[in-house]
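Colleague: Before I use this model, I would like to go through the terms applied to it and hear what each one rests on.

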Amino acid sequence: MAFAAPAGAAVARPATLARASLVSYPTSPPAQVCGNSVVLAEPSGAPLNSIVIPAGDNSAVNWRQPGVTFWFASGTHTLGNGVFSQIEAPANSTFLGAPGAVIDGQGINRYAFTQTAPNVTIRYLTVQNFVPALDNGVVNHDSGTNWTIQYNTITNNAGAGVMVGPGDVVSYNCLKSNGQYGFNAFRTGGDSNITLDHNEITGNDTGNWEAVIPGCGCTGGGKVWNTATGAITNNWIHNNVGPGIWVDTDNAGLLIDSNYIADNDAEAIIYEISYNAQITNNNILRNGYVEGRAFAAQHSTFPVPAIYISNSGGDNRVNNGLYSTFSIANNNLVDNWGGVTLWEDANRFCGSDLTSTFCTMGNPTANVATCVPVVINLPPYVSDCRWKTQNISVHDNQFSFSRTNTACTTTGCGEQAILADLGTSPAWSPYLGNGIDASITTQQNNHFANNAYVGDWQFAWSNTTPLTFTQWQGGPYNQDTGSTLNGLSVTPPAPGNLVDADTASLEGSAGHWVPWFSATVAQSTAQAQAGSHSLQVNITAPYGWGAQLDNWPGFSATPGPQTMSFWGLAGSGTVGADMQVQWRGAGGSLLASSDVAINTLTSSWQQASADVTAPPGTVSASITFSAPSGRAGVAGNVVFLDQIFVGSTPTVGTNLLDADTASIEASVGRWAPWFSASVAQSTVQAQSGTHSLQVNVTAPYGWGIQTSNWPGFPATAGPKTLSFLALAGSGSLGATMQAQWRDGSGNVLGTSTVSLATLTSTWQQASTTALAPAGTSNVSVTFSGTTGVAGNSFYLDQMFVGSTPTGGVNTLDADTSSLEGSVGHWIPWFSSAITQTTARAEAGTHSLQVNITAPYGWGAQLNNWPGFASGPGPRTISFWGLAGSGTLGATMQVQWRDTAGNVLGTSSASIPVLSAAWQQATAAATAPVGTATATVTFTGTTGVSGDALYLDQIYVGT
């Protein structure tokens, strides 16, 4: 056949395993070896000077002759009647078989070829009926180095047909119907540089060992253990009990390429507590049915995928970084029980009950002596004691699935998944709770992209209810960018408000708002939270009031995570406001409702916000406002509403803090007292969700709390955002959040802080941007304050330390907005001088310094008439400001201009009083119809000659 190597020729190993991918996957089995006489028959007879071994009892042969070729004549050969009658292969020896030469173990002998001597060659033999113990092999029992095993039929043996040692080449063999494995790559102390190429591996694990010893992990077509670098290529792996290929425990640098893997009872490929691989160009068909149906019968919802990645991923410290981006690419998967599952077991780590003495390869100093109680919490062990499912890219694959073809009637098939469990044991584990779940799904660089799906696929994330393709592609999951389903590109709605601009911001009109009962509504300029208008609700009776949308059945919506929010202010009276969203299905049927309220409005704008979930089947959302219980008001009272939002929140950066530590919904997370304080999860107050972190002050000397996961959460160098929300319970208190950026040894490289000087009885947010220094690998977080006495308390919620939220597109060029390259287009307008400076920077290393030259007010403007290109519609304008000296304020004004440069409208954002700490001003605006460009000015009415201020991160855009 075309794929057969020349008789007697060695199969060359590639010079490097990092070879270019093949053009496509094999469309038919590349290694049809079993029973194929063209491949398996030795064609040339006994070589010159070889020792001819006649058929029959060969127990008297002296096999210990190095450098000799033994040629087995046709017929059956036996090695003797002892359990350990075997061929002890010497160095540089060769064993060849004539057509029909069989070495038979008679059901008595354990091993056929043994010893660790190097450079042994075995070809053209049938080896059968040997009975090694569990996990032992028949050919190359001792995993000798640089063995070449080719053109053999190794069948009907117990244990593994072939053991694979360092530098071994196993190619063009029929590995069939062996009791445990077709092959087993294992060597005490570690294996390396293995090649398995063009083998047919079929019908193995006839002993069904997983049923005999449940959970043994000892079944399948072949197993690879503790092996650094190898290639498993061009094999036909089919109809094995258990998985096709099982890579298990501290392997790294494996190429699994161009194989035809079909009809195995369990997964096609398992890659477990191991590292760096390329799984590419494989044709993977109809795997997992037996195991999938068994799971379904047990009502298990855990997926049975074709490719199962368990506590494994890419790490550039391992095996010289080969395949440190773990790629699953250019494969064809058809009618398997499932697709690809990325899994991390929170309870599995070096030294845990699940791994005994096994430890990861990422950092050799993390071992059974260090991955123990207390020490494991110290750097670098808290990170390096784990095998992490990280840096995996699943891209450019074809996935086809048919429920009819697979006869699957449950929800567990046809699924792609990124999952982890909760940490529950041992009690001293630093991974208890849902921290690992948060890490694998959002923090460990695991991505699906550019795949083609055909059929009824579903998607699972963090052990939640299966997602639709649209949900999977949308936030917060953001998977399968560029992928298609059934030939269509299903692009999720862009993050943003479902509510139209007028109805949300009231700038153009009152939108769709109409009175419901005991109220009148109107667009108003009397108050505005942003822009120049809001919705004024005049209460006409003391029985409660209501306003609603007049656009039945509401705005178009989709299922999945949503945010709802509004801003409210009392014009007069003791009043509140409750916003309710009705999620509706086809025909306007009500599926569920969500609400968020401000129970008592004040004369200052307040925001209410909640993260909610639109149920499956949602196609539209209708909205009402009404009075909460006890806050109805009386005739003549007035309520103002603005910035009404229902929709997917704009993409934010990844929070380094785990979900509990950030939002306190499931537990208190990693928070622990530091000094003069106690902490507890509380339902007394919540900024979002139902819980917050209650901090009780216990002494009048200042207080502190900290994250108890030394050296903190994983982090990287670069721009970051720090933010938190806080509310005073009792006493006069302030709060400062500090992030310590640490290197791999836990040394502090730098710190960043953000503060609220005085907490109030309403939630306030503190936010700042920061720069994690070069070398950052972790971040630890503290909160502290210098005020308060025993018995005082306050609440924290929505703590964030992470990548800066992704905003829209800034109209301003990079220099003009961030000042990193030059002063951009900024010039003085009046009574000022400007320059790029490194004296202060809100982000990066530069800002715009404005020096005031006269006491009559000052100004700076863009010098690029008629401004930057813009367009009509919703916009955001913002800037950061800081006072250098003097009492100063700053106002940013944007002039929206038409194609002739005429001003169509203006929008502004202000900081009335700048301080010695960076502050941000931001405002929502609407560029009028006809807008073509935007010009920008900064002005102030205060200050005297010699005063200075700094501006940074100036933004005009979507």
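Modeller: A helix here is a DSSP run of H or I with at least four residues, and a strand is a run of E with at least two, both numbered from the N terminus. Please keep in mind throughout that the model is predicted.

Colleague: What phi does Asn445 take, and where does it stand relative to H6?

Modeller: Asn445 comes just after H6 and has a positive phi of about 60°. The run called H6 covers residues 435-443, and because a helix is defined as such a run, Asn445 falls outside it.

Colleague: What makes H6 largely enclosed by the rest of the structure?

Modeller: A residue is called buried when its relative accessible area is under 20%. Seven of the nine residues of H6 meet that condition, and therefore the helix counts as largely enclosed. The buried ones are Gly435, Ile436, Asp437, Ala438, Ser439, Ile440 and Thr441.

Colleague: Which elements cover the buried residues of H6?

Modeller: The cover includes the strands E32, E35 and E38 together with helix H9 (659-663). H6 lies across those three strands, running at about 135° to E35.

Colleague: How do you know that E35 and E38 pair, and in which sense do they run?

Modeller: Pairing requires at least two DSSP bridges between two strands. E35 (residues 415-420) and E38 are joined by four bridges and run parallel, so the condition is met. Within that pairing, Ile418 stands opposite Trp461 of E38.

Colleague: What makes E11 and E38 the edge strands of their sheet?

Modeller: The sheet is an open one of ten parallel-paired strands, in the order E11-E14-E17-E20-E23-E26-E29-E32-E35-E38. E11 (137-139) and E38 (458-461) are called edge strands because each pairs on one side only, where a pair means at least two bridges. Between neighbouring strands of this sheet the turn is 15° on average, with direction ignored.

Colleague: In which order do the strands of the five-stranded open sheet come, and what is the sense of their pairing?

Modeller: That sheet runs E64-E65-E73-E68-E71, and its pairing is antiparallel. E64 (832-837) and E71 (919-927) each have a single partner strand, which means that one side of each is left without a neighbour in the sheet, and they stand at its edges. Neighbouring strands here are turned by 30° against each other on average, direction ignored. Between E64 and E65 (residues 847-852) there are six antiparallel bridges, and Ala833 is opposite Asn851 of E65.

Colleague: Why is E66 described as largely enclosed?

Modeller: Four of the five residues of E66 (residues 858-862) are buried, so the rest of the structure largely encloses this strand. E66 pairs with E63 (residues 826-830) over four antiparallel bridges, with Leu862 as the bridge partner of Trp826. It also pairs with E72 (residues 933-940), again antiparallel and over four bridges, and there Trp858 has Gly940 as its partner.

Colleague: Is Gly75 buried, exposed or in between, and why does it count that way?

Modeller: Buried would need a value under 20% and exposed one over 50%. Gly75 has 26% relative accessibility, so it counts as partly exposed. Gly75 sits in strand E4 (residues 75-78).

Colleague: What is Gly75 in contact with, leaving aside its neighbours within four places in sequence?

Modeller: Contact means heavy atoms within 4.5 Å, and by that criterion Gly75 touches Ala55, Gly100, Ala101 and Val102. Val102 is 27 residues away from Gly75 in sequence, yet the two C-alpha atoms are 6.0 Å apart.

Colleague: How much space lies in the second largest pocket, and which residues are closest to its centre?

Modeller: The pocket holds about 1,200 Å³. Its lining has 45 residues, with Ser383, Lys388, Pro714, Ala715 and Ser777 closest to the centre. H6 contributes the largest share of that lining, five residues.

Colleague: How does the lining of that pocket divide by class?

Modeller: There are 13 nonpolar, 23 polar and nine charged residues. Since Gly is counted as polar, the polar class should be read with that convention in mind.

Colleague: And what share of the protein chain is buried?

Modeller: Of its 958 residues, 56% are buried, which means that this share lies under the 20% cut-off.

Key:
Residues numbered from 1 in each chain as written. Predicted model: local features only at pLDDT ≥ 70, side-chain atom pairs only at ≥ 80, totals over all residues. Heavy atoms only, no water. Buried < 20%, exposed > 50% of the residue type's maximum accessible area, 1.4 Å probe, protein only. 1 Å grid on protein atoms, 1.4 Å probe; cavity = no way out; pocket = protein on both sides within 12 Å on 5 of 7 lines; lining within 4 Å. Points joined across faces, edges and corners; volume = space filled by probe spheres on them. Axes fitted to C-alpha atoms, helices over the stretch in contact; angles between N-to-C directions.
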